[in-house]
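I opened the model today and kept short notes on what I looked up.

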Amino acid sequence: MKRAIAIAAGSVAFAAVAAVAAEQVSERWFQDVTAKAGVAAKHTNREFNNPYAKIMAGYTALGASVAAADYDGDGLEDVFVTDSKLGGKNHLYHNNGNFTFTDVAEQAGVANGNDENNATADCLWFDYNNDGRPDLLVIRFGRNQLFENLGGGKFRDVTKKAGLERYMNAITAVAFDYDRDGQVDLFVGSYFQPINIFNPESPRFFPESFETANNGGGVTVFHNNGNGTFTDVTAKTGLQTSGWTLDLGNGDADNDGFDDLYVACDFGTDRFFHNNGNGTFTDITEKAIGFDSKKGMNVDWGDYDNDGLLDIYVTNITDDYMREGNFLWHNNGDLTFSDVSRETGTAETGWGWGAKFFDYDNDGWLDLYVVNGWVSAGKESYVPDIFEMVTRPGIDFADARNWPPMGNKSLSGYEKKKLFHNEKGQIFKDEAAKHGVDSVRDGRGIAIADFDNDGRLDMFVANANGEPFLYRNTENTRNHWVQFALRGTKSNKSAVGAQVRLKAGGMNRLQFISGGNSFAGQSSNRVHFGLGEVAKVDQIEVRWPTGQREVFTGIAVDKLNKIVEGSGKPVK
């Protein structure tokens, strides 16, 4: 009898556990559909064949990038995803409309980007010739590639013709119209100086300091001439830097109609440049954010507290060796920012990389996804090796020979990702485990897009030396939403830099179209608002990149609305 009771009790307990597990799975709003969608191709890090290869391996575990755009104008967001190994193919995944994708990179002419002298590091969609079709910049250690979108699924290499064939060792880029002439300009961030890192002539090409290195590649500004070519205007704009650039991010900090620039730098201080509105920028770092000695990795702009001002999120490093913490720069409205990362619970995310603001539950507040992890390899830690080097008197950090080889050791590896839910602009609560997006792969780039046009934002995550993740959003709160696809006429046709200010149900919300913000990732340039329970939009105000302002009413909720500059009403 006791045995029967025990068995029955065990069965009840097992059923209870199973029920809890089933409930937890049902609460997961993101489904990993990577394999089913046909986008599971693995990224592989570049291996070097030079005297410093064993040292460089750990410090160039980069290049896993993803960029979303509707390159063929069929109303579905496609994705470009990179590889970095020698001979490795990049991928152009065409969206088939049923949450599956087909790699068409070879027939499109954009698959090849990794040869003996170049390694893919990042990618960016931008309409360089303002013909309404997104063109593709493949950002590389070595020389970048610019592919013109010819329509019909075909691209051609116009790098040399456009004047962009320079050796740059680039790792990031954004494109926006800094001088409001109707053409998007190109800002390129370089990590190393323009030396041949595949076969360096000297061993002195590493950062000269852990906190104040100024021997990096800096930022280069290419002005769009409007005829398919670019001119280097770095000196003219006042953006000459020499930091180890890892990311760039644009946004209008003071709502003056001109986008400013945040530069995230490894091994030294980040920089904030204010756009003067006359084709030049002023370095106001000391006033705006102060000087730091951290390792800036990511730049994303978004109005997380819905006060009508764009804030900035920057990832840094928080591990056993470096307790730096991230920055959540709250915009004070006077071209100064206050770091509120610790107060909001967003300071510690491990060895941070890409991070992106987006409203994953459509409640009207911007949430935040952060990926992390440097090198996940063997059980032995690389930290003691670094510590020994840093504490050695008189060490020449710039000499690659003085850096210890990583081998199969791990450094800040196997870290869990963070999905921060925005609790009404006050604090953020990590719900990554709850929703099944707390992977321990070494994350790099994030692309946010509504791949199935259902009003719920999905995530594509690129991982270094691993398969990516495509997470389909199945959020079931039934909150309302609205999306906008903007088209410039006097402004650049992609409307990069445009702000959309929404009024609905007594609330005010701000979104904008960036030039490709977030480390190694570019999200859709559709403007998306979660509305919560509000089922009617009162109006939107669009502040176009040229400075023109328009108010639109008659907005359809739970749909994508097309807005054309100067039209006065949404396009049906």
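The entries below go from confidence to cysteines, then to one helix and one sheet.

Entry 1, ground rules. This is a predicted model, in which local features need pLDDT of at least 70, side-chain atom pairs count only at pLDDT 80 or more, and totals for chains, interfaces and linings use all residues. Residues are numbered from 1 along each chain as its sequence is written, and side-chain values use heavy atoms, with hydrogens and water left out.

Entry 2, confidence. I looked up pLDDT (the predictor's confidence in each residue, from 0 to 100). Its mean over the protein chain is 94, and 95% of the residues reach 70 or more. Helices (H or I, at least four residues) and strands (E, at least two) are DSSP runs, numbered from the N terminus. Helix α1 (residues 2–27) has the lowest mean among the elements, 50, and strand β19 (residues 311–314) the highest, 99. Where pLDDT is low, the predicted coordinates should not be read in detail.

Entry 3, cysteines. I searched for disulfides (cysteine sulfur atoms within 2.5 Å) and found 0. C123 counts as buried (under 20% relative accessible area, 1.4 Å probe, protein chains only) because its relative accessibility is 3%.

Entry 4, helix α9. In α9 (residues 383–390), I noted V383, D385, I386 and M389 as buried. They lie on the same side of α9, because their arc around the axis (taken from the directions to the C-beta atoms) is only 160 degrees.

Entry 5, a sheet. I traced 4 strands in an open, antiparallel sheet, in the order β31-β30-β34-β35. β31 (507–512) and β35 (549–552) are at the edges with a single partner strand each, so one side of each has no neighbour in the sheet. Strands pair if DSSP finds at least two bridges between them; β34 (residues 539–543) and β35 have 4.

Conventions. Buried means under 20% relative accessible area, exposed over 50%, partly exposed in between (1.4 Å probe, protein chains only).
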